Amino acid sequence: MRRRPPLLLSLTLSLLCRPAVSLGSLPVLAVEVAIGASAGAVGALAVYPLDYTKTLLQTVEGSSYGGFVGATRAILERGGPLGFYRGVGTQLVGVAPEKTIKLLVNDAMRAAIAGVLGGSLPLAGEVAAGMTAGVCQVVVTNPLEVVKVGLQTDPLQRSPVQLIVEEIGLAGLYRGAPACMLRDASFSGILFPIYSHAKEVMAAAGHNGPAGLAIAGLLAAAPAAFLTTPADVVKTRIQQIDGSSCALEDRGSARKVTGNERRASAGFEPIRAPWVSVMGAPAADASNLVLHDECVAQRAGPLQVARSILENEGPAAFYAGALERVLRSSPQFAVTLALFDVLKRLAIDNGLLIS
């Protein structure tokens, strides 16, 4: 009796043996990348203002905005209507490879797992495929997120290049990668299985077109976005620019100093809603500000940051910006997933891909 090869080897062979050339004149990979990049870019651009607002609400100063309306007013005060799109260029440049990796790896892993298991794909296999896609995309997602969050929270309003050179550094592009990986793996592990089954339900109800696909994407992204908000909050705190995620101490009074006080003592305008004071006590003298031990611990990893949030702000802080995250992710992935499937069907119909 022949022994079956190990599962990992079978999956590897299944992935490597995918066709490299389409029925048309274009390589399969080029067609797939074009589809994934187009779907991802359109979805991201459609909801970017909500993403910006969500990020502000998740920062240390987030509670000072007084919610969604306050954060929106703060953005308008600082940059006008175009202020909602600060950092969008970086997002569009990065979203193409990010969404391409997420969508294509998920498809490839689903096909590979189903092939190894004789054509069937259990729920565990769907989750594993989605989580693998989420882990793989972090290579691109984390630098993108670091620069995007930096642009959205930087009090000096620097350009992406200035921000990387002066503040982040090349090594800093992977700051918060463990938290980002946890968020993306969990998100994709929830998103893709629900989307797959929601598509079947919509098709059975006679809604197999773009509208049905969009509704399926909407239903899949909402729980995925909500349930992974705590990891997103931790990631944002780690990646927030200007050190406000770290506590400071005033040597004279042994009092912890807020990130806004740190910025004020350095002569910078604090990030806050213009009609709300979040400064607390008068800012300490800059010469007396020292890095608190808690800051060193926070930089060690997401667990320390999560512990600090829990102790200092309570459990509710883990769901800061949750509504905005759901409102942003649901339409984004409704557009992205539906467009991806529609473009893929068109490519198959026109002989550019094999079904």
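## Charged pairs and a cavity

Cysteine 136 is partly exposed, with a relative accessible area of 32%. Cysteine 180, by contrast, is buried at 0%. The model described here is a predicted one. A disulfide is a covalent bond between the sulfur atoms of two cysteines. How many disulfides does the count come to? The count is zero.

**Salt bridges**

Side chains of opposite charge can pair when their charged atoms come close. In this structure there are 17 salt bridges. Here are three of them, with the distance between the closest N and O atoms.

| Residue with N | Residue with O | N to O distance |
|---|---|---|
| Lysine 344 | Aspartate 107 | 2.4 Å |
| Arginine 110 | Glutamate 126 | 3.2 Å |
| Arginine 158 | Glutamate 166 | 3.3 Å |

Let us begin with the pair in the top row. Aspartate 107 forms its salt bridge with lysine 344. Why does this pair tie together parts that are 237 residues apart in sequence? Aspartate 107 sits in helix H4, which covers residues 88-116, while lysine 344 belongs to helix H13, residues 322-349, so the bridge joins these two parts of the chain. Aspartate 107 has a relative accessibility of 23% and therefore counts as partly exposed. Lysine 344 is also partly exposed, at 26%.

Helix H4 takes part in the next pair too. Arginine 110 and glutamate 126 meet in a salt bridge. Arginine 110 lies in helix H4 and glutamate 126 in helix H5 (residues 123-153), with their positions 16 residues apart in the chain, and the pair links distant parts of it. Are these two side chains buried or exposed? Arginine 110 counts as buried because its relative accessibility is 17%, and buried means under 20%. Glutamate 126 is buried as well, with a value of 3%.

In the third pair, arginine 158 meets glutamate 166. Arginine 158 is buried, at 9% relative accessibility.

Some charged residues are joined in a wider arrangement. A network of salt bridges links Asp51, Lys54, Glu145, Lys148, Arg183, Asp184, Asp232, Lys235, Arg325 and Arg328.

**The cavity**

Rolling a probe the size of a water molecule over the atoms shows where empty space is left. Which volume does the largest cavity have? About 190 Å³ of space lies inside. Its lining is made up of 18 residues, and those closest to the centre are Glu98, Lys99, Glu145, Arg183 and Arg328. Glu145, Arg183 and Arg328 have already appeared above, as members of the salt-bridge network. Helices H4, H5, H7 (177-204) and H13 each give two or more residues to this lining. Sorted by class, the lining has ten charged, five polar and three nonpolar residues. The count of cavities of 30 Å³ or more comes to one.

**A look along helix H13**

Helix H13 holds lysine 344 of the pair with aspartate 107, and helix H13 also contributes to the cavity lining. What does helix H13 reach from its first C-alpha to its last? With 28 residues, helix H13 spans 40 Å, close to the 40 Å expected at 1.5 Å a residue. After helix H13 comes glycine 351, which has a positive phi near 75°.

Valine 335 is another residue of helix H13. Valine 335 is partly exposed, with a relative accessible area of 31%. The C-alpha atoms of valine 335 and alanine 211 are separated by 9.6 Å, although the two residues are 124 residues apart along the chain.

Technical notes:
Residues numbered from 1 in each chain as written. Predicted model: local features only at pLDDT ≥ 70, side-chain atom pairs only at ≥ 80, totals over all residues. Heavy atoms only, no water. Salt bridge = Lys/Arg side-chain N within 4 Å of Asp/Glu carboxyl O. Helix = DSSP H or I, 4+ residues; strand = E, 2+ residues; numbered from the N terminus. Buried < 20%, exposed > 50% of the residue type's maximum accessible area, 1.4 Å probe, protein only. Expected span 1.5 Å × (residues − 1). 1 Å grid on protein atoms, 1.4 Å probe; cavity = no way out; pocket = protein on both sides within 12 Å on 5 of 7 lines; lining within 4 Å. Points joined across faces, edges and corners; volume = space filled by probe spheres on them. Nonpolar A, V, L, I, M, F, W, Y, C, P; charged D, E, K, R; others polar. Disulfide = S-S within 2.5 Å.
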